[in-house]
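User: I would like a close look at one part of this protein, taken slowly and in connected prose. Please begin with the smaller details of a sheet and then work outwards to what surrounds it.

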Amino acid sequence: MTSHRFGRRGLVTTAIALAVVGGSFGSALAQDKTTLNLIGMAQAGMTPDEMNAVIAEFQEVNPDVEIVPQYVAYDALHDKIATGMASGSAPFDIMLVDDIWFPEFADAGWLLDVSADIPPEMLADSSAAAWDIVTFDGKQYGLPWLLDQLYFYYNSDMLAKAGFDAPPATWEELLTQAQAMKDQGIVDYPIVLPWGQIEASITQFVALLYGNGGQFFDEAGSPVFNSPEAVETLQWMVDAVASGLVNPASTTYGEEDARNAISAGKAAFTINWAYMYDLANNPDESTVPGQIAMAMMPVSQKGADAGIVSSSNNGSMGFAVAAGSENGQAAFDFITYLTSKDVQKRYAAHVTPLWTSLASDPELLAAQPVLLDMFAKQWPYAQVRPKVPYYLEMSQNLQVAIQEALIGSKSAQQALDDAVATAVELGAE
Amino acid sequence: MAGWLLVAPTALFLIAVFAYPVVSTAITSLQKAKLQKPGEAEFIGLDNYFDFFADPAFWQAVSRTVYFTVVSVGLELAIGIAIAAFLQRRYAGWRFLRLAVFVPWAVPTIAAATMFRWIYNADYGALNGLLYQLGVIDKYIPWLADPVSAMNMVIIADVWKSTPFVVLIVLAAMAGIPGELYEAARIDGASRWQSFWRVTLPLLKGAVLVVLVVRTVEAFRVFDMIYVLTGGGPANATLVISYVAYQETFRFFSLGRGAAISFIISMFVLGAALVYLRLLSTRREASR
């Protein structure tokens, strides 16, 4: 009995020993290959399947490189990168970084400065606004990839029914058209907006602010969003909600809630990212397919009089290489391949190409007639949010300030004054 | 010596999972520490605590938390005891009813909160649909857009979710009350209401105190309901103290401040628990 038991234990020990030896042997073999860990997003942009296809292409040309990808939701991406990198072990070589996180991550020393390595032909054939995304302190910390911005959406059937032949070019026209729709009983709340206590409200406030001739941060990097233009902008938002033309739930809504209201035919106007166009016109997702159109983002009458054509918000992302990566060159080679003209042309279904010349490519235009055209028209007016390491905390404060004005617990002036004071405090720390 | 060896594994385990995190958090709470700058933590004494105590926003979060706790626990107790008293009567179908009552408790909080987000939705929510058809409201109401109603809506969701726990404990305590007491009360000519008021309720004191301790501690740390339903909005109207801790730690990565507020929450909870324990023990002495 005893010997039997010992025998069994011996067997287990041998098995464990074998597993350990086998494991280390296996990893020794794998070390011949350069392994790159990539963290990307499974939400907007290229689908994981498309990403994996590009990875396979790259590995075919570079047989000594193995890329191990993982894809997470947007909401999880920032925390996953930050907690991983903060552990000091640099768990990722290649990271998808949102516009507003570049300063925070670069300031922490997690991102490789690639300014000197950007292919000249890529630089020459892309817009300056694209490079704003990955730039912090005058240096580029990655390559721009998912180019996105806010667009104005409207229900073309409702607009025609109300007797208008063009979407609004100014905020004032927007309210006039909405009032007509409400008066004629076409829709109860013609406008729905994602103005909940989330980042979406900041992106929209910034877009509107520049459309009224204001600025978020000035050239010296100081917060100036309590200027008279900014107070007018927030006051317009407050008045719009109070007018009863904006769905009152807007102050609790995110982009998806607003999209659902449009797709359910319960609203005619909204502001959202590019992804909504496809979904709102998809019969499986929407009760009003084919009715949702895009237009240039309207500006205030005051802005229009001052010659401002349109104003949007840049909500893009870029791929970056970890500063602590042991294979920085291979990682950079991959993100260069991912953003190359050839790959961008072949995988343009869900990503607007970085390469300006692709916007007039006949094949691409045939496949994406509306989006590519609208992107090119709106992009010159897309504003980047400020590049400050304390962005998330400042933004949280401003979200609350906007909410306080919208529900009337503070005046627009007071709310913005308080938020600027906090931003100054955060900047001084 | 042998005795020490015997308890060593347990002691080590407790130190590893209990003492170490508490001590480490206590040290972090005395530092200005950012997750992004692990090497640059700076000792600042009790400044993190003083910053919170001096910040009116912190006290607003505390008073919101207290409001949430008092109202939700109060409602849960009242409704829970009423349901338990009803189930105890064993009317026809009471077994099925008892099962049905416990269903909300079995639903994970995140799922329950998501469900209520849909129920409260201003454009297609079931609550609006119901009230509209009953003629109570003449147009759909954005329940979560108004600061006062948003907090109360969160409380309703929490009451729905947690009342079954009260029913469970109270029902068990009711089952332990000897039938002779009710018989005696009846013989003395007590009505049903009087026997509930004079016999049942006094004997439920112990169970009620247990419920109070558990539910107060839980309600004071409410997070998931708020996270899903309102995200702390509108205009921070539902920003409770646990949500502040979450923001500091996981949104702003201010580890020092996050650790400090976690300790403050623990102190509040500990204080409440001590008061209740005191009540429990005096009751026991009195009955001796």
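Analyst: In this predicted model, three strands of chain A form an open sheet in the order 8-7-9, and their pairing is antiparallel. The edges are held by strand 8 (269-272) and strand 9 (292-295) of chain A, each of which pairs on one side only. Averaged over this sheet, and with direction ignored, neighbouring strands are turned by 35 degrees against each other.

Strand 7 (residues 151-155) of chain A is joined to strand 9 of chain A by four bridges, the two running antiparallel. Within that pairing, Tyr154(A) has Ala293(A) of strand 9 as its bridge partner, and Asn155(A) is matched in the bridge pattern with Ile292(A) of strand 9. Strand 7 of chain A also pairs with strand 8 of chain A, again in the antiparallel sense and over four bridges, and here the bridge partner of Tyr153(A) is Thr270(A).

Strand 7 of chain A is mostly covered, with five of its five residues buried. Their side chains are divided between two directions: Tyr151(A), Tyr153(A) and Asn155(A) point one way from the strand, while Phe152(A) and Tyr154(A) point the other way, and all of them are buried. Helix 17 (residues 369-378) of chain A lies across strand 7 and strand 9 of chain A, and its direction is at about 25 degrees to that of strand 9.

Chain A has another open sheet, in which five strands follow the order 2-1-3-11-6 and the pairing is mixed. Because strand 2 (65-72) and strand 6 (143-146) of chain A stand at its edges with a single partner strand each, one side of each is left without a neighbour in the sheet. Here the average turn between neighbouring strands, direction ignored, is 30 degrees. Strand 1 (residues 34-41) of chain A pairs with strand 2 of chain A in the parallel sense over eight bridges, and one of the residue pairs involved is Thr35(A) with its bridge partner Glu66(A) in strand 2. Helix 2 (residues 48-61) of chain A packs on this sheet, touching strand 1, strand 2, strand 6 and strand 11 (317-321) of chain A, and its direction makes about 170 degrees with that of strand 2. Helix 14 (residues 328-338) of chain A lies across strand 1, strand 2, strand 3 (94-98), strand 6 and strand 11 of chain A, running at about 155 degrees to strand 11.

Turning from the sheets to a pair of helices, helix 10 (residues 228-242) and helix 18 (residues 391-407) of chain A have axes that come within 8 Å and cross at roughly 45 degrees, which means that helix 10 is oblique to helix 18. The crossing of these two helices is right-handed. At their contact, Leu234(A), Met237(A), Val238(A) and Val241(A) of helix 10 meet Ile402(A), Ala405(A) and Leu406(A) of helix 18; sorted by class, the contact has seven nonpolar, no polar and no charged residues.

Helix 18 of chain A also holds Gln399(A), whose relative accessibility is 5%, so that Gln399(A) counts as buried. Leaving aside residues up to four places away in sequence, Gln399(A) touches Gln197(A), Ile198(A), Glu199(A), Ser201(A) and Ile202(A).

Conventions: Residues are numbered from 1 along each chain as its sequence is written. Chains are lettered from A and ligands numbered from 1 in the order in which they are written. This is a predicted model: local features need pLDDT of at least 70, side-chain atom pairs count only at pLDDT 80 or more; totals for chains, interfaces and linings use all residues. Side-chain values use heavy atoms; hydrogens and water are left out. Two strands pair if DSSP finds at least two bridges between them. Axes are lines fitted to C-alpha atoms, for helices over the stretch in contact, and angles run from 0 to 180 degrees between N-to-C directions. Contact means heavy atoms within 4.5 Å. Buried means under 20% relative accessible area, exposed over 50%, partly exposed in between (1.4 Å probe, protein chains only). Angles under 35 degrees count as roughly parallel, over 145 as roughly antiparallel, 65 to 115 as roughly perpendicular and the rest as oblique. A crossing is left-handed if the near helix is turned anticlockwise from the far one by less than a right angle, and right-handed if clockwise. Ala, Val, Leu, Ile, Met, Phe, Trp, Tyr, Cys and Pro count as nonpolar, Asp, Glu, Lys and Arg as charged, and the others, Gly among them, as polar.
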